[in-house]
6 protein chains.
Amino acid sequence: MKHALQIFACNASRGLAAEICSRLGIRPGRIEISRFSNDNLRVQIQENVRERDVYVVQSFTEPVSDHIMELLITLDALRSASAQRITAVIPYYSYARSDKKDAPRISITARLIADMLKTAGADRVLTMDLHADQVHGFFSVPVDHLTAIPTIAEHFRAHHELSNMVAVATDAGGAKRVGRFSERLGIPMAIIDKRRVNDTAVKHGEVVGEVRGRDVVIFEDEISTGATVLSSVDILKTAGARSAHVGAVHGVLCGPAVERLRNADLESIVVTNTVNRAEEKQLPNLATLTVAPLFAAAIERIHSGESVGVLFD
Amino acid sequence: MKHALQIFACNASRGLAAEICSRLGIRPGRIEISRFSNDNLRVQIQENVRERDVYVVQSFTEPVSDHIMELLITLDALRSASAQRITAVIPYYSYARSDKKDAPRISITARLIADMLKTAGADRVLTMDLHADQVHGFFSVPVDHLTAIPTIAEHFRAHHELSNMVAVATDAGGAKRVGRFSERLGIPMAIIDKRRVNDTAVKHGEVVGEVRGRDVVIFEDEISTGATVLSSVDILKTAGARSAHVGAVHGVLCGPAVERLRNADLESIVVTNTVNRAEEKQLPNLATLTVAPLFAAAIERIHSGESVGVLFD
Amino acid sequence: MKHALQIFACNASRGLAAEICSRLGIRPGRIEISRFSNDNLRVQIQENVRERDVYVVQSFTEPVSDHIMELLITLDALRSASAQRITAVIPYYSYARSDKKDAPRISITARLIADMLKTAGADRVLTMDLHADQVHGFFSVPVDHLTAIPTIAEHFRAHHELSNMVAVATDAGGAKRVGRFSERLGIPMAIIDKRRVNDTAVKHGEVVGEVRGRDVVIFEDEISTGATVLSSVDILKTAGARSAHVGAVHGVLCGPAVERLRNADLESIVVTNTVNRAEEKQLPNLATLTVAPLFAAAIERIHSGESVGVLFD
Amino acid sequence: MKHALQIFACNASRGLAAEICSRLGIRPGRIEISRFSNDNLRVQIQENVRERDVYVVQSFTEPVSDHIMELLITLDALRSASAQRITAVIPYYSYARSDKKDAPRISITARLIADMLKTAGADRVLTMDLHADQVHGFFSVPVDHLTAIPTIAEHFRAHHELSNMVAVATDAGGAKRVGRFSERLGIPMAIIDKRRVNDTAVKHGEVVGEVRGRDVVIFEDEISTGATVLSSVDILKTAGARSAHVGAVHGVLCGPAVERLRNADLESIVVTNTVNRAEEKQLPNLATLTVAPLFAAAIERIHSGESVGVLFD
Amino acid sequence: MKHALQIFACNASRGLAAEICSRLGIRPGRIEISRFSNDNLRVQIQENVRERDVYVVQSFTEPVSDHIMELLITLDALRSASAQRITAVIPYYSYARSDKKDAPRISITARLIADMLKTAGADRVLTMDLHADQVHGFFSVPVDHLTAIPTIAEHFRAHHELSNMVAVATDAGGAKRVGRFSERLGIPMAIIDKRRVNDTAVKHGEVVGEVRGRDVVIFEDEISTGATVLSSVDILKTAGARSAHVGAVHGVLCGPAVERLRNADLESIVVTNTVNRAEEKQLPNLATLTVAPLFAAAIERIHSGESVGVLFD
Amino acid sequence: MKHALQIFACNASRGLAAEICSRLGIRPGRIEISRFSNDNLRVQIQENVRERDVYVVQSFTEPVSDHIMELLITLDALRSASAQRITAVIPYYSYARSDKKDAPRISITARLIADMLKTAGADRVLTMDLHADQVHGFFSVPVDHLTAIPTIAEHFRAHHELSNMVAVATDAGGAKRVGRFSERLGIPMAIIDKRRVNDTAVKHGEVVGEVRGRDVVIFEDEISTGATVLSSVDILKTAGARSAHVGAVHGVLCGPAVERLRNADLESIVVTNTVNRAEEKQLPNLATLTVAPLFAAAIERIHSGESVGVLFD
């Protein structure tokens with residue numbers, strides 16, 4: 001019984017956790033998350049976790065603050081309940097985008113949350129496609145950093161003719177990620193170079209690289225409101241692109257995103273299920289790939305002390 | 001300019017902070033709290049804080065998770081912006097109620113939040129009437145713990161005839177607080193003793209002490225939904241109380257509270273402004289006492305190195 | 001052999017530790033505690049503890065400072081001797097009473113000692129009936145917090161007629177504990193409300209609740225000099241109590257306690273053996289209940305990763 | 001005298017530190033760095049630093065390990081000599097390039113060094129143009145992160161005709177930096193997209209963007225052996241570039257760099273003096289811009305509590 | 001008022017602290033150290049210490065555990081009372097003798113206490129003649145390490161004819177200290193080489209070096225029971241010494257020490273007042289040199305940011 | 001497979017690690033240490049270490065800074081690769097000599113390195129013959145401190161006639177070590193007492209103890225340049241010694257050491273292989289004893305949870 005594997009889900013990731021558990025042939029741990037009348041959260045672990053190897057799955061989706069607090073309180077409850085080792089499994093680590101000081105006197109919140117996870121009791125972190133690879137270094141606990149880029153690339157290879165395709169980064173910061181994606185598919189890349197003209201105006205982005213007559217795949221780590229995707233499609237079409245697809249790991253699709261994407265001039269949209277979404281049926285050209293097999297395999301390997309890296313060889 | 005005093009307000013306490021600043025003759029620091037499309041919070045301190053002695057005011061009111069995250073991110077932004085000393089001013093520390101393990105495998109979240117405040121950069125904490133005095137000991141940074149009990153007691157002395165009054169605790173856990181309140185007014189006390197009869201039923205509370213024919217003052221640290229107040233009035237009236245008042249430091253008044261209290265058989269309700277509320281006009285018998293003078297005096301004394309304790313001598 | 005269970009006793013708790021070991025069918029670990037000529041303590045662990053699961057039993061009884069230092073030095077010796085996990089077993093954590101700032105510029109020493117236990121090497125703490133439940137939150141390591149209240153309550157149920165009994169708290173701060181005790185026995189409760197009249201005089205306490213003609217049980221977490229018990233018996237008898245008993249978890253019984261209690265108007269005195277006492281034979285109406293079975297069961301469950309909470313279901 | 005400003009230089013940055021001191025009108029602090037016969041380093045601070053605001057200047061140049069150890073030992077000596085505040089000034093933080101896990105089981109050494117600086121006693125860090133902006137988040141102490149990009153951009157504006165110029169990133173990872181540089185000059189950008197064809201061969205990079213007939217400026221954070229610059233010039237010339245310049249913040253110029261660059265088909269080379277180099281006279285088309293004014297201004301502002309950010313408005 | 005200097009004394013060092021204060025022209029801070037009936041200590045700082053530069057004087061003399069606990073609790077009280085900086089002044093750090101593992105599974109308690117001082121709130125330590133110089137490195141806070149060796153050496157120079165004198169170490173471990181003492185006086189040294197012959201017997205020590213016909217000065221860091229001094233005098237006389245003196249920094253003189261030394265064949269005994277002793281009048285040939293001037297000067301210099309090292313130039 | 005033992009060698013100790021592995025019947029772990037063009041080190045662990053019990057062997061030999069950085073980076077790589085427990089095996093911990101403040105404003109670097117090892121991820125340390133026993137206390141992780149003194153003593157017993165031998169310490173600081181060595185061989189000891197005569201001259205050392213007509217063995221913890229050995233031989237011969245040997249644990253033999261020792265008037269030189277040396281063939285009278293059996297036995301016992309101390313009983 002000792003050191004046995006247990007997986008708990010917080011509210012943002014019940015579906016994904018259930019799928020992971022199903023693949024591993026275990027049932028999710030019993031946990032109750034409730035709210036006091038003064039809006040304080042309360043978490044109770046409802047089964048013995050002493051000396052267990054425990055994993056808590058929680059994506060940082062809307063409402064983000066509640067979901068982070070749920071996770072932190074759950075970690076603390078597990079620690080004081082004497083779990084042997086606690087891994088925070090965060091398929092979508094939203095604050096990874098707050099990873100640098102691009103304005104004075106702001107917080108590098110991706111680092112702050114990393115520190116708070118440790119304060120709350122996380123011994124390890126398992127996550128996927130952080131906004132920048134460097135965010136890995138924000139954690140002082142060991143991190144296993146999975147990627148769904150191969151999964152999405154294989155989807156494109158299986159469903160589309162690649163010979164006329166070009167992968168596009170929506171800004172210079174995404175060039176590296178798109179380089180990795182396009183290299184895997186053996187297709188060229190382009191980037192949209194956006195810049196400020198003066199204090200009040202942002203110049204319409206220029207396409208760096210060749211897209212005329214090509215089928216473009218906009219590739220991102222996440223799609224939130226869809227605004228960037230829309231303006232990018234516009235720029236690319238203006239620059240002569242024949243058709244447009246979009247691929248992203250984290251399909252946040254918040255606010256007006258579904259509405260926007262439904263009306264956009266897009267052949268297909270591909271995301272994964274790191275984020276639970278209810279509205280996706282309204283997007284007929286949306287494909288949601290599951291990352292549960294990846295997470296299940298990683299958890300099994302972490303638990304048994306086998307290499308996780310080999311999953312990506 | 002060095003070591004100058006600066007006060008910032010997060011969203012939960014803009015009103016109280018403005019009042020504190022006004023008393024101190026300074027303007028609140030400029031700060032912008034916004035939200036990215038993926039629901040991540042973003043805080044920017046909009047003026048130089050290097051080497052300043054900074055205070056951030058934020059009560060943990062609904063939405064609690066957002067307000068806690070706002071405070072943590074603000075603290076982190078201030079620290080990395082090189083503030084000289086940072087004091088988290090938390091008039092209402094809601095999680096103080098999660099101060100013990102009264103069920104298996106829960107989190108003592110009051111301690112967790114205390115640790116997270118330190119992780120985020122708080123050098124000190126200034127707070128008021130924590131649910132239990134012991135919560136003071138959860139912090140590893142110095143805490144100044146103010147109390148509004150004298151303020152509320154003086155209000156009763158000024159507005160009511162005390163000779164027939166009895167202060168009442170709504171359960172055994174509140175006896176100590178009510179003892180302190182009643183001692184200050186020189187009136188007797190009673191407590192309502194609630195207990196489980198068996199697994200499914202909670203016995204209607206017994207009044208321990210004498211309330212027949214008396215004017216009772218139910219005294220609490222906080223009123224949230226008003227349910228406890230209502231059932232207590234009921235028990236006390238059944239036990240022969242002539243009239244009922246209620247006093248509490250933190251007037252959370254969430255959910256159905258205003259509706260309930262308006263219809264309750266209560267002579268008067270007294271709270272402070274540690275919590276901002278919009279609905280209070282609907283409660284004609286509500287008096288809201290301001291704690292701004294106390295906080296202003298405490299901040300001034302912390303800043304200048306004078307004793308804070310003398311405020312309560 | 002690895003991860004095997006080992007129990008060591010420091011000087012304050014050799015008897016209790018021997019009883020715990022006996023129940024678990026193991027012999028106490030060999031340890032030598034001595035004193036250099038300059039009054040420095042020296043602790044030597046006299047058998048191999050590498051990779052063992054080690055428990056050190058030590059109550060904070062007189063001389064408290066020596067007993068705390070003994071424990072700290074023992075923890076440090078075990079850590080540097082490569083014990084796999086170290087649990088400080090502290091049946092009586094005396095400093096739990098220093099749990100709040102009830103005067104300016106004092107130390108919340110219960111928190112300080114909690115931090116020092118961690119500094120010295122404790123990975124966990126196992127303790128019993130802390131003065132306030134909140135003290136649990138002072139520890140940053142996992143704590144198992146046992147209670148002897150059911151044990152003492154069962155003793156009263158077995159030996160006394162309950163129908164005329166009332167449980168009494170000696171001050172408002174103890175109301176919660178007495179509530180728990182009286183609820184378990186299904187008897188009413190009362191509290192003694194003591195307060196200052198002015199700067200120089202403390203008013204003789206008032207009894208809140210009904211004790212006239214009843215058999216009262218004063219219930220406390222600890223009895224030290226017996227002064228509070230004596231004055232409480234006096235107040236209760238004056239208020240008409242028919243007979244008086246006293247129950248407490250920690251029978252510290254220091255200074256004039258034995259003398260006082262022998263001469264007091266008390267039917268019976270019930271404590272546990274969290275504190276070793278030599279003088280108890282002189283108290284004919286004293287019953288000392290053993291907590292060794294509780295500690296033995298808890299240690300066994302911590303060691304094997306089973307739930308400790310179920311001991312109290 | 002208290003809190004007075006003092007600047008010390010370790011061996012890698014004596015020249016730059018002297019220039020900074022000269023601008024601030026102070027003399028460098030006396031420090032002796034020597035070596036024991038067993039190759040251990042020894043650092044002695046040779047003047048009183050109690051309660052001083054101390055800055056230690058040291059770039060991580062060859063021999064890097066010695067220079068890092070020198071800095072760590074100096075920080076420790078200053079701390080134990082009771083300096084009031086210690087800022088590690090690291091113009092060239094070489095390990096910033098080890099900022100992610102791009103291979104299994106490697107160290108994110110940029111984070112490790114950040115932690116070691118704190119362990120050794122650094123209260124703050126002042127650095128320049130870290131390889132990735134995210135490395136800022138590796139530090140748990142406040143960091144002021146200067147940039148020489150405006151300085152280098154102004155040099156190009158002053159000395160070259162911009163109308164036909166294109167800024168080029170040597171790989172996708174540098175796109176963001178080049179975007180910033182080109183935006184400041186109002187010129188277009190391009191990137192060289194290098195990728196593996198198979199396990200043994202790296203495909204000759206493709207130029208993404210338009211360079212035919214243009215004057216290209218390769219822009220990098222650092223030039224070490226010059227290999228990347230050389231191969232990039234080759235690719236760009238093949239793609240039709242008319243002329244080539246190179247700009248970089250950190251002119252490491254190690255190994256065969258000087259030789260290579262002298263023979264390369266380059267109009268001009270621009271670096272700063274974050275790295276001390278002796279060989280630069282051999283590069284007639286090299287311009288070395290001084291960053292001493294930036295560091296001097298930043299130190300002055302950190303010392304006096306004024307905004308550092310305004311230096312870049 | 002801010003950052004003003006305040007000195008508090010705990011019970012072991014009230015006399016020395018008063019002398020230090022007198023030299024500095026300030027009065028000792030008001031502090032109350034008392035004991036609860038359960039033998040718990042209670043410390044209350046009885047004046048405002050916010051933003052003060054505070055020093056607490058306490059030697060680790062008998063009862064050592066109580067004196068250490070007093071100091072730790074005082075440090076904690078000062079920290080939570082918002083002292084600006086806290087220096088633990090420990091003239092005699094008794095546990096410095098527990099500085100190594102000379103037996104299996106013991107504690108290096110000198111390191112443990114150093115860590116606990118930091119845990120309790122000490123920002124700095126000021127101490128004198130630690131048993132080994134290396135103990136300095138056990139502290140993670142800055143330490144000023146004074147020495148009374150020059151003071152004692154000057155006493156010998158002033159009162160004795162040096163030409164025939166030899167300084168003697170009572171074992172090999174003390175050779176370095178005696179080397180320093182004898183070098184200052186310009187006299188030769190000798191050491192007593194004690195060793196085990198077999199498991200049960202310790203061989204009578206051999207004198208290494210020349211003492212025949214000489215006046216020997218046994219020099220130690222501390223004298224506790226006097227046993228070592230006595231046996232050393234015996235050995236030296238047997239080896240032909242003409243007369244014997246003894247000098248030591250810490251005159252612990254516990255247990256039978258006074259009785260022994262009075263009857264010993266000693267010309268003179270010289271110690272300092274790092275330890276308070278009542279019995280010294282019974283030793284007519286004892287000279288107690290005061291270290292108050294050294295401590296006063298060190299505190300003044302630490303407070304004002306001047307070099308402490310120059311006191312020993 | 002879990003918790004299996006793995007041993008890695010960094011560059012300074014490949015030979016010794018291979019010998020240790022050979023004795024344990026395992027092969028050394030695969031690790032690649034390389035250098036980027038900017039002189040940054042890069043370490044890659046080339047096999048899975050999850051949940052393994054890992055030992056890294058690295059002596060701090062020339063180039064010391066590189067070897068320390070190699071070890072720190074390796075520890076960090078192992079930690080983030082999820083090793084279960086990491087032991088830094090440092091046969092020669094060169095900085096142990098920087099163990100005290102014998103000059104103002106220097107670093108106690110032995111403590112700094114101890115802290116950095118922990119920061120980098122070492123859970124334990126295994127080392128040999130630290131310059132002073134107290135250095136053990138600088139580490140906050142458990143340390144196993146081996147000694148080669150018995151090994152060297154046995155060598156002398158086996159190869160030399162002891163009856164006329166005297167062990168000699170080259171200064172007072174080494175007296176304790178020599179005492180231990182000579183006691184094991186049952187021979188007398190002497191020390192060389194060196195001291196400053198005035199500010200500019202160091203007096204030629206005096207021999208304390210009897211060496212005339214004896215065979216002396218100079219015993220040290222390390223021999224670096226051989227200067228001390230040479231001057232000591234000179235002093236001892238002048239004082240009448242018949243022949244001279246030298247024994248030391250750490251045969252650093254750097255700079256002119258081999259040349260010097262070859263020409264010195266020495267019968268024999270005995271060191272161990274904690275330091276790898278190439279030049280030793282040039283010293284015909286050098287015997288290098290292997291410590292591999294000791295390290296192998298210690299590692300095996302640490303891994304399996306058996307006592308290491310018994311190796312020295």
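Is Phe60(E) buried or exposed, and what is its relative accessibility? Phe60(E) comes out at 0% relative accessibility, so it counts as buried. Keep in mind that this is a predicted model.

Let's stay with that residue for a moment and look at its partner. A pair of aromatic rings is described by the distance of the centres and the angle of the planes. For Phe60(E) and Tyr93(E), the ring centres sit 5.4 Å apart and the planes make an angle of 35°; stacked would need under 30 degrees and edge-to-face over 60, so this pair is tilted. In sequence terms the two are distant, with their positions 33 residues apart in the numbering. Phe60(E) belongs to the loop that runs between β4 (53–57) and α2 (64–80) of chain E, while Tyr93(E) sits in the loop between β5 (85–90) and α3 (109–120) of that chain. Tyr93(E) has a relative accessible area of 3%, and because the cut-off for buried is under 20%, Tyr93(E) is buried too.

Now hop over to chain F, where Tyr93(F) pairs with Phe139(F). This pair is tilted as well, with 5.4 Å from centre to centre and 55° between the planes. Tyr93(F) is in the loop between β5 (85–90) and α3 (109–120) of chain F, and Phe139(F) is in the loop between β6 (124–128) and β7 (143–146), so the pair ties together parts that lie 46 residues apart in sequence. Both Tyr93(F) and Phe139(F) are buried. In chain A, Phe60(A), Tyr93(A) and Phe139(A) join up in one aromatic cluster. Over all chains, a search of the whole structure turns up 27 aromatic pairs.

On to how the chains meet. The size of an interface is often given as the accessible area lost when the parts come together. Between chain D and chain F that area is about 3,700 Å², with carbon and sulfur atoms giving 54% of it. Which residues of chain D lose the most area to chain F? They are Asn38(D), Met69(D) and Arg105(D), and together they make up 18% of what that side buries. The contact involves 51 residues of chain D and 51 residues of chain F.

What holds the charge and polarity story here? Chain D and chain F share zero salt bridges, but 25 residue pairs are in polar contact, counting pairs with both residues at pLDDT 80 or more. On the chain D side, β3 (41–45), α2 (64–80) and α3 (109–120) each supply at least two residues. The largest share comes from α2(D), with 11 residues. By type, the chain D side splits into 24 nonpolar, 15 polar and 12 charged residues.

Turn to chain D and chain E for another contact. Here eight residues of chain D meet 12 residues of chain E, and the buried area is about 690 Å², of which carbon and sulfur atoms give 38%. There are two salt bridges between these chains. In a salt bridge joining them, the side chains of Arg85(E) and Glu51(D) meet at 2.7 Å, N to O. Six residue pairs are in polar contact, again with both at pLDDT 80 or more. The side of chain D that touches chain E has no nonpolar residues, three polar and five charged.

Finally, some chains stay apart. Chain A and chain E do not touch, and their nearest C-alpha atoms are 18 Å apart. Chain B and chain F do not touch either, with nearest C-alpha atoms 18 Å apart.

Conventions. Residues are numbered from 1 along each chain as its sequence is written. Chains are lettered from A and ligands numbered from 1 in the order in which they are written. This is a predicted model: local features need pLDDT of at least 70, side-chain atom pairs count only at pLDDT 80 or more; totals for chains, interfaces and linings use all residues. Side-chain values use heavy atoms; hydrogens and water are left out. Rings of Phe, Tyr and Trp (its six-membered ring) pair if their centres lie within 6.5 Å; planes under 30 degrees apart count as stacked, over 60 as edge-to-face and the rest as tilted. Helices (H or I, at least four residues) and strands (E, at least two) are DSSP runs, numbered from the N terminus. Buried means under 20% relative accessible area, exposed over 50%, partly exposed in between (1.4 Å probe, protein chains only). Contact means heavy atoms within 4.5 Å. Buried area is the accessible area (1.4 Å probe) that two parts lose on being put together, summed over both. A salt bridge is a side-chain nitrogen of Lys or Arg within 4 Å of a carboxyl oxygen of Asp or Glu. A polar contact is a pair of N or O atoms within 3.5 Å; within protein, one must be able to donate a hydrogen and the other to accept it, and residues adjacent in sequence count only if both atoms are side-chain atoms. Ala, Val, Leu, Ile, Met, Phe, Trp, Tyr, Cys and Pro count as nonpolar, Asp, Glu, Lys and Arg as charged, and the others, Gly among them, as polar.
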